[in-house]
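Reader: Could you walk me through how the labels in this model are earned?

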Amino acid sequence: MNSSAKKAILSLVFALAGQLAQSAGIGYKLIAGSAHDFSATGAGGAAGYEGENGVTYLTANKCTTCHAAHKPAKTAFLWKRTLGAGPGWTVWDGAAGKVLDGVNDGEYLSVAEFAQTGSAMCLSCHDGVTAIGGTTMRLAFRGAWGRNLPDMHPVAKRVPFGSDGWQPDLTAGNSSAFGNSNVVVDTVGNSSYVGCTSCHSMHSSPSAATYLRKGESCLVCHNR
Ligand code: HEC
Ligand code: HEC
Ligand code: HEC
Ligand code: HEC
């Protein structure tokens, strides 16, 4: 091969590499290097991932801290981690708060149903009870709520789609409206429930800075 052909190939390679770098740079939140990177090559290196206040989480793999290829705890998303089962969950219900119990009363999920939702996936670490690679996320942490959630936007609560104040096309059973929107709800029976993953996305956030879903994340549900 002569040198000008080599140069042509090299410049093509560089152009492609540049394009790849550009598309990698769009800004999607990646696990690598993020607060959710628990691998030895992550922020903490082989000594473990060091979180806020100097708490060290022992290292695990980038993906397998949360996912399992075989025998996951929950087949949806091949979810590996123990889900937040058992009692003690209090969620928003005006000033009083609502303790989730054994029944789905049509407004709030039962504890057992809650443990199967997207919220439970997040709360398998952000509950200050479940261990991440041997260390429990401390309750004092920003973003570790324990089981006490009444002072945050409702979770485990039914979205009353089809009524006043809610996006009109998002009625139960209108799957194409759901498909075309950024609404992500936990569907139990024929009803939709709001949860952590309604507003947050672990991998599909369009921004490198946040874990928020794309679109008008409030207006996909509320029609105000
Ligand atoms: C395997 C455990 C684990 C799971 C599962 C998990 N998180 Fe986290 N998350 C953490 C830890 C640890 C931190 C960092 C806290 C620290 O610095 O120690 C964190 C930090 C965050 C932050 C702050 C990010 C930042 O850059 O400061 C957000 C937002 C967040 N998590 C949201 C979520 C959401 C939403 C879910 C569910 C979709 C989730 N997490 C699931 C462990 C987890
Ligand atoms: C801190 C926990 C955590 C880690 C680590 C993690 N994931 Fe996920 N993953 C989730 C959650 C939560 C969901 C559910 C989707 C959502 O965010 O609503 C998910 C969903 C997925 C999905 C399907 C839906 C989607 O958004 O693409 C794929 C594929 C996936 N993860 C791949 C990976 C790979 C590959 C890695 C390693 C680089 C990884 N995950 C690391 C928490 C995690
Ligand atoms: C109604 C939408 C909504 C719901 C539901 C929701 N969040 Fe958030 N969350 C947000 C917004 C908006 C922010 C601010 C994000 C930012 O500034 O980057 C945030 C911030 C956070 C942070 C970072 C806190 C900080 O101090 O920076 C964590 C961790 C978090 N959320 C986890 C969760 C978990 C776990 C759940 C479920 C129990 C949840 N969120 C439910 C919208 C929501
Ligand atoms: C997945 C659907 C969904 C999304 C997305 C969503 N919400 Fe909500 N929101 C709800 C549900 C369900 C309730 C509880 C409604 C009820 O009690 O009737 C609620 C309640 C509220 C309330 C309390 C209303 C009251 O009765 O006092 C406020 C304020 C609110 N949401 C603001 C927001 C904001 C701000 C965002 C974006 C960060 C947001 N919501 C995103 C479903 C959603």
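Here is a short exchange about a sheet and two ligand shells.

Author: Happy to! This is a predicted model, in which local features need pLDDT of at least 70 and side-chain atom pairs count only at pLDDT 80 or more, while totals for chains, interfaces and linings use all residues. Residues are numbered from 1 along each chain as its sequence is written, and chains are lettered from A and ligands numbered from 1 in the order in which they are written.

Reader: What makes β8 and β10 a pair?

Author: Two strands (E runs in DSSP of at least two residues, numbered from the N terminus) pair if DSSP finds at least two bridges between them. β8 and β10 (191-194) have 2 bridges, in the antiparallel sense, so they meet that cut-off. Here K157 stands opposite V194 in β10.

Reader: Why are β8 and β9 called edge strands?

Author: The open sheet has 3 strands in the order β8-β10-β9, with antiparallel pairing. β8 (157-158) and β9 (186-188) each pair on one side only.

Reader: How do you know which residues surround ligand 3?

Author: A residue is near a molecule if its C-beta atom, placed from the backbone, lies within 6 Å of it. Ligand 3 has 16 residues around it, with C196 and C199 among the nearest. The helix α3 (118-126; helices are H or I runs of at least four residues) gives the most, 4 residues.

Reader: What is the make-up of the shell around ligand 4?

Author: That shell has 10 nonpolar, 4 polar and 1 charged. Ala, Val, Leu, Ile, Met, Phe, Trp, Tyr, Cys and Pro count as nonpolar, Asp, Glu, Lys and Arg as charged, and the others, Gly among them, as polar. V159 and C218 are among the closest residues to ligand 4.
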